[in-house]
Structures are given as C-alpha cells and as structure tokens.
Amino acid sequence: MKLYKYEKNLELFKRALKVIPTGIYGHLGPVEGCYIPTSAYPFYSERAKGSYFWDVDGNRFIDYMCAYGPNVLGYNDDVVDNAVKEQLKLGNCTTAPSTKMIEFAELMVDTVEMADWAFFAKNGGDVTSFALMVAKAATGRKKTILVKGGYHGVAPWTQKLGCPGIVEEDIANNIYVNWNNYEEVEKIVKDNPDEIACFMATPYHHPVFQDNELPQKDYWQKIRKLCTDNGIVLAIDDVRCGFRLDMAGSDHYFGFKADLMCFCKALGNGWNFSTLCGTDALRDAASSVMYTGSYWLSAAPFAAGIACINKLKEINGPKLMQEKGKKLTDGLVEIGKKYGFDLKVSGIPSMWYMRITNDDSLTLHQEWIAECVRRGAFFAAHHNLFINCSLSNEDIKLTHEIAEEAFKVVKSNHPEIK
Ligand SMILES: Cc1ncc(COP(=O)(O)O)c(C=O)c1O
C-alpha cells in the first residue's frame, strides 16, 4: 500500500500561519495536539463525495470523522444539495424569514418524540447556551449540574478554569458530577434546595481520550424523576449523537423524556444550523429570552434539513449506521487480535470510540491510527468516530485491509507485543 505524502498540505499550512492564528484553529487543526504525529495527517481538503474526502495533495481518505458528525448521509448528497439549490434560487438570508423555517419546525415536532416546539440557531453551542438561558428563565434559579468530561461547546460557561480567557465567574454556577452516579446528583440537589435550574448531559457519555459509556439501567429514569420532583429542567445535549441512535431523539432511545433537547450535527448533512426542541411547559420561557443571530433564520439550511431528515427516516439511517458500524468494528477487533492487539470498542456502533488497551498511555493506539491515516482510512486517536449512511461494504473491506497493514507495521516496531 502506498504511503500518503502531504507536501502541498504543508505548504498551504505555512501560508495560513501568516494570516490565521494557529493556521487552522480549534479541533480541526494540529495545534490542539490531537493529530500526532502531525506528519501522518492531511491539513486541507479539496473535495468530498459520499464517504470520502480528497486532500490538496490528491490523497483519498475513507472519512470516519465525517466532519466531526455533520456528514450523516454522505458528502454532497444529491437530494439534500438539490433542495438547497432550489431554495437558493428563491432566497436565503432575507429580512423576513422563509416559510421553510415553519416546515422544518413541523418536521422536528413530528420526528422528535418530546418536541412541542423547535427554535433555531447556527451551532451546537448556540443551543446548549440557549437551553441554559431557557432553564434559568423558567425556574428563576442560577445553578447547573454538568457531567465531568462532557462537551457542550466553547462558550465560557462550558470551559474549565485555567483555560486562557476563562475567569472564575464564568463557571461559578456550574456543579460537576461523575457520569452514571445517580447518588451524587441526588445529594447535590438535596444540598442546593431551589437553586438548581438545569441538569445538562449528553444521552450517553462520549468524552475524548476515554472509553465511552452508556447509561446504567434506570439511570435516566431516576434522573428524570429527581428533576421533576425538584423543579429542575432536564436538558439533553444530542448535538453529537442525535439521529445516529434514534430519529425520535436519544432520550426516546433510552426510555425517558427530556424537557429540552439540543440538536445540530446530523440535521442538514453539513448545511449549517442547530435546533433546540422543547416541551409546552417551557414554551413561554423560550419565548421570553432574547436570543438571535445574523444568519440564524437563513432558508437554505432549513431546505437541507427537511431533505436530510426525510431521507434519514426513509432509509432508517440510525439502523443502517449501527449495522455498518458493527460490521466495521467487529472486523477491526478480530484483525487486531490476530496481531496481539486488544482493540476495545465502546459507545454505539454508529459513533464508536476505540483504543488499543495493550498500553494505557495510548501511544500504541496513536501509532496504529497514524499508520491507518497514512494509508487512507481517516480516524482520530482521541475522539469517537462517526459512520455515515453512504459507507459501502467495499469501503469497510478496504478499511479492514488498511487496518491489518497498520497493525503489522506497529507490531514490527514493537517486538514486545506477543
Ligand atoms: C455534545 C456536543 N455538544 C455541543 C457541541 C458544540 O457544537 P458546535 O461545535 O456546533 O458549537 C458539540 C460539538 O462537537 C458536541 O459534540
């Protein structure tokens, strides 16, 4: 197998560094320290289609990061992109919003079990912040319970003290708990009577650099009851796994009903917008909060969202992605075993996390991932991976071949592995 070279990628990155802080900022760039060794990774893509993207050196990758989630049907899906083109002929960002917004809200209310209404913004972090504002407006309280290691965006309240730009006041009203520990939440609620506005968490725990964890039996049912009994708003951040588990919402999948649900990544197959869904009880609070943005009511993403969600329902996207994910990961585990590697898979098959457990430092895992990327299977070593609906059996087969060669290379570099 040919090893990829990244000459143009590097040239462009040097050019970018002169005019853009860190060249590529945030989690898509090398500065976060997540793409190590950086020499194994491309920096810029030129085009994308289906389950692939091509970088500026012409290398093709089977993409298991899916733009960190938005690629859910396959890049440049014709049904979605044609709906966008039709809408663009009519208009996009206009003074009075298009009726596509109503159509999309109706579709969300029909699709998501808990939803009585839907509110729109641009990014996942816009709606997690809005969810907290709604909860505070509804309860007149100021504290929020959050799970340690959970990610809800980059607004100051979501970050940690010690991170540049964050001051104590930004996070003064956050109380952090461990995932799946009901008793800890119960104690906090008891110790802070009439002070907790909101409990916010992802539907299952998908932190970085750690095995992902599903909720224990009855965890959500007990949390739901605790919130109801104490007037606390239960907000579920379904930004990442929304529609990769259940079209009716991940709370529905785990058998409980949230008060607020945040969606983003899988809504429009890459066309940018986010949604907060809520129940009737919170409609007035949502109406009372002043919250908007220059592009939030643009029509083209709503057209994309209507086409994307209808197609996901038509093909039963979540089931399809679970099946593809299972086939892929079962194969990876088997191949790893042949060469003495214990590859542990956690989370859900459509959005799995994996790590080689032979070494706790994750160095072997990082090496194996880098060898995969250099041969055309784009994984990240630190983060959960994503399946999209267009991934084919041939893609899975090729990924298994790449993974096998990568395991062989790592094994030959580490004779201690038996
Ligand atoms: C669970 C979760 N919540 C919130 C966000 C923030 O979304 P965005 O980056 O679109 O603001 C993300 C993004 O990765 C996420 O995974």
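In which loop is asparagine 76 found? In this predicted model, asparagine 76 lies in the loop between β3 (60–63) and α2. Its backbone is notable for a positive phi of about 55°, although asparagine 76 is not a glycine. Most residues other than glycine have a negative phi, and most peptide bonds are trans.

A second backbone feature concerns the peptide bond. Isoleucine 36 and proline 37 are joined by a cis peptide bond, with omega at about -5°. Proline 37 is placed in the loop between α1 (7–19) and β1 (45–49).

**Ligand surroundings**

The ligand is surrounded by 13 residues. Gly124, Gly125, Asp237, Arg240 and Lys265 are the closest of these. Sorted by class, the shell around the ligand comprises three nonpolar, seven polar and three charged residues. Polar contacts to the ligand involve both backbone and side-chain atoms of the protein, as the following table shows.

| Ligand atom | Protein partner | Distance |
|---|---|---|
| Oxygen | Glycine 125, polar backbone atom | 2.7 Å |
| Nitrogen | Tyrosine 151, polar backbone atom | 3.2 Å |
| Oxygen | Arginine 240, N or O atom in the side chain | 2.8 Å |

Taken alone, the ligand exposes 390 Å², and the protein buries 87% of that area. Two of the residues in the table, glycine 125 and arginine 240, are also listed among the closest to the ligand.

**Helix packing**

The helix that follows the loop of asparagine 76 is α2, and it spans residues 78–90. Its axis and that of helix α9 (residues 299–314) come within 8 Å and cross at roughly 150°. Because angles over 145 degrees count as roughly antiparallel, α2 is roughly antiparallel to α9. The crossing of these two helices, α2 and α9, is right-handed.

Another helix pair is formed by α10 (residues 317–338) and α12 (residues 393–413), whose axes come within 10 Å and cross at roughly 25°. Here the angle falls under 35 degrees, the limit for a roughly parallel arrangement, so α10 is roughly parallel to α12. The crossing of α10 and α12 is right-handed.

Notes: Residues are numbered from 1 along each chain as its sequence is written. This is a predicted model: local features need pLDDT of at least 70, side-chain atom pairs count only at pLDDT 80 or more; totals for chains, interfaces and linings use all residues. Side-chain values use heavy atoms; hydrogens and water are left out. A residue is near a molecule or strand if one of its heavy atoms lies within 4 Å of it. A polar contact is a pair of N or O atoms within 3.5 Å; within protein, one must be able to donate a hydrogen and the other to accept it, and residues adjacent in sequence count only if both atoms are side-chain atoms. Accessible areas come from the Shrake-Rupley method with a 1.4 Å probe; for residues, only the protein chains shown count as cover. Ala, Val, Leu, Ile, Met, Phe, Trp, Tyr, Cys and Pro count as nonpolar, Asp, Glu, Lys and Arg as charged, and the others, Gly among them, as polar. Axes are lines fitted to C-alpha atoms, for helices over the stretch in contact, and angles run from 0 to 180 degrees between N-to-C directions. Helices (H or I, at least four residues) and strands (E, at least two) are DSSP runs, numbered from the N terminus. Angles under 35 degrees count as roughly parallel, over 145 as roughly antiparallel, 65 to 115 as roughly perpendicular and the rest as oblique. A crossing is left-handed if the near helix is turned anticlockwise from the far one by less than a right angle, and right-handed if clockwise.
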